[in-house]
Amino acid sequence: MKDIYTLGIESSCDETSVAIVKNGREIMANVIDTQIPIHEKYGGVVPEIASRNHIEAISRVTKKALEEAKISLEQIDAVTPTYGPGLVGALLVGLSYAKALSFAMNKPLVGVNHIQGHIAANYITYKELEPPFLCVMMSGGNTQIIHVKNYTEFEVLGKTRDDAIGEAFDKVARVVGLGYPGGPKVDKLAQEGEPTIDLPKTHFENMDFSFSGIKTAVINLHHKNPEINKADLCASFEKTVTEILIENVNRAVQLTNMKTIVLAGGVSANSYIRKAFIELKQEGMEIFMPDLKLCTDNAAMIASAGYYNYINGKRDMLDLNAIPNLKL
Ligand code: KG4
């Protein structure tokens, strides 16, 4: 069978990334140009600045990806950009560039949902992994438990009603003075602390999440007592959010009878969360988590998801628009 090469383009937030992936599973190139140093001084991503920097980076990053993959645009089978969810201006840069490439090279345009991309990061990490499975999607913009029925069909079983888990990590980091992006910094500091502080958990009848209560509790504790042990606070926060995740996963397992759990999204890089999920293997669950460098935004995962959309017959027209709140 002929090999299929997809060219993924990711620009939904503060990473400009272009990747070439073979048959949905093998990375030929995955170039990531991060804007973290640019946004660091503002304490978070500034949308307009993100868009401008994507414009500046996109051609250079694409050229580099093609060079690294040692492949020409003629050999690409489909151009597969992220078209949502994300920051609209940022999304539009990658999507418009993809449309231009698709038109100029006469190649199919196949849009990818960013969340579907995060799930697909696991197909690159584990060549043997196939749906169906349960996915715990935890990123800066989303927290969901998803029943992945096949490569292109999903059912959201539970989702956050307020903040995403990554947002809560970033906020906690900011409050205790760790800076942006906070997740990795909380992860590091928590390793020096003990989870001795009681923090609230919000429960719902279904598998929804809420992280605003625990976020506010951490903020209040810190404001009332600025001398509080920050490492213990971070460790307690991590432990509590992990318990919340696992409680909902257990409910999803009971409901669906599925025991294959796949982690996805930037927060799945968290060392405490990874360890806690690995321990679930003792309860007979199969656990998969993306390679660390594929947890956060990258175009390889988008090219992988794009491959599955492409072989499933999805084709988009040049009027494909960026959808900031695109659902699975
Ligand atoms: O998936 P991602 O790169 O972007 C979205 O698609 O939203 O996720 C970014 C989020 C940020 O909130 C960041 O702080 C968090 O992932 N993150 C982490 C870690 N690494 C990244 N959170 C906790 N522990 C980490 N090690």
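## Pockets, ligand shell and backbone of a predicted model

Helix 8 (230-256) and helix 9 (271-279) each contribute at least two residues to the lining of the second largest pocket. The structure described here is a predicted model. The space within the second largest pocket amounts to about 180 Å³. Its lining consists of K239, T242, E243, I246, Y272, K275, A276, E279, L280, Q282 and E283. Sorted by class, the residues that line the second largest pocket are four nonpolar, two polar and five charged. As general background, empty space is revealed by rolling a probe the size of a water molecule over the atoms.

The ligand has its own surroundings. A shell of 19 residues encloses the ligand, and the closest of them are H114, G140, D170, D187 and G266. By class, the shell around the ligand comprises five nonpolar, eleven polar and three charged residues. Backbone atoms of three glycines, G140, G141 and G183, lie at the distances from ligand oxygen atoms listed below.

| Residue | Atom of the residue | Atom of the ligand | Distance |
|---|---|---|---|
| G140 | polar backbone atom | oxygen | 2.8 Å |
| G141 | backbone N or O atom | oxygen | 3.2 Å |
| G183 | polar backbone atom | oxygen | 3.0 Å |

Taken alone, the ligand exposes 550 Å², of which the protein buries 88%. Helix 4 (114-125), helix 5 (165-175) and helix 6 (182-190) are the elements that each give two or more residues to the shell around the ligand.

The strands form an arrangement of their own. Five strands make up an open sheet with the order 3-2-1-4-5 and mixed pairing. Strand 3 (26-34) and strand 5 (112-113) are at the edges of the sheet and have a single partner strand each, so one side of each is left without a neighbour in the sheet. Within the sheet, strand 1 (residues 5-10) and strand 4 (residues 78-84) run parallel and are joined by four bridges. One residue pair can be named: I9 has P81 in strand 4 as its bridge partner. In general, the strands of a sheet pair through backbone hydrogen bonds, in either a parallel or an antiparallel manner.

Three positions in loops remain to be described. In general, most peptide bonds are trans, and most residues other than glycine have a negative phi. The peptide bond that leads from G84 to P85 is cis, with omega near -10°. P85 belongs to the loop between strand 4 and helix 3 (88-105). A cis peptide bond also runs from Y180 to P181, with omega near -10°. P181 is placed in the loop between helix 5 and helix 6, and these two helices are among the elements that give two or more residues to the shell around the ligand. K70, a residue other than glycine, has a positive phi, near 55°. K70 is located in the loop between helix 2 (47-69) and strand 4.

Definitions and conventions. Residues numbered from 1 in each chain as written. Predicted model: local features only at pLDDT ≥ 70, side-chain atom pairs only at ≥ 80, totals over all residues. Heavy atoms only, no water. Near = heavy atom within 4 Å. Polar contact = N/O pair within 3.5 Å; in protein donor to acceptor, adjacent residues only side chain to side chain. Areas by Shrake-Rupley, 256 points an atom, 1.4 Å probe, with all protein chains shown as cover. Nonpolar A, V, L, I, M, F, W, Y, C, P; charged D, E, K, R; others polar. 1 Å grid on protein atoms, 1.4 Å probe; cavity = no way out; pocket = protein on both sides within 12 Å on 5 of 7 lines; lining within 4 Å. Points joined across faces, edges and corners; volume = space filled by probe spheres on them. Pairing = 2+ DSSP bridges.
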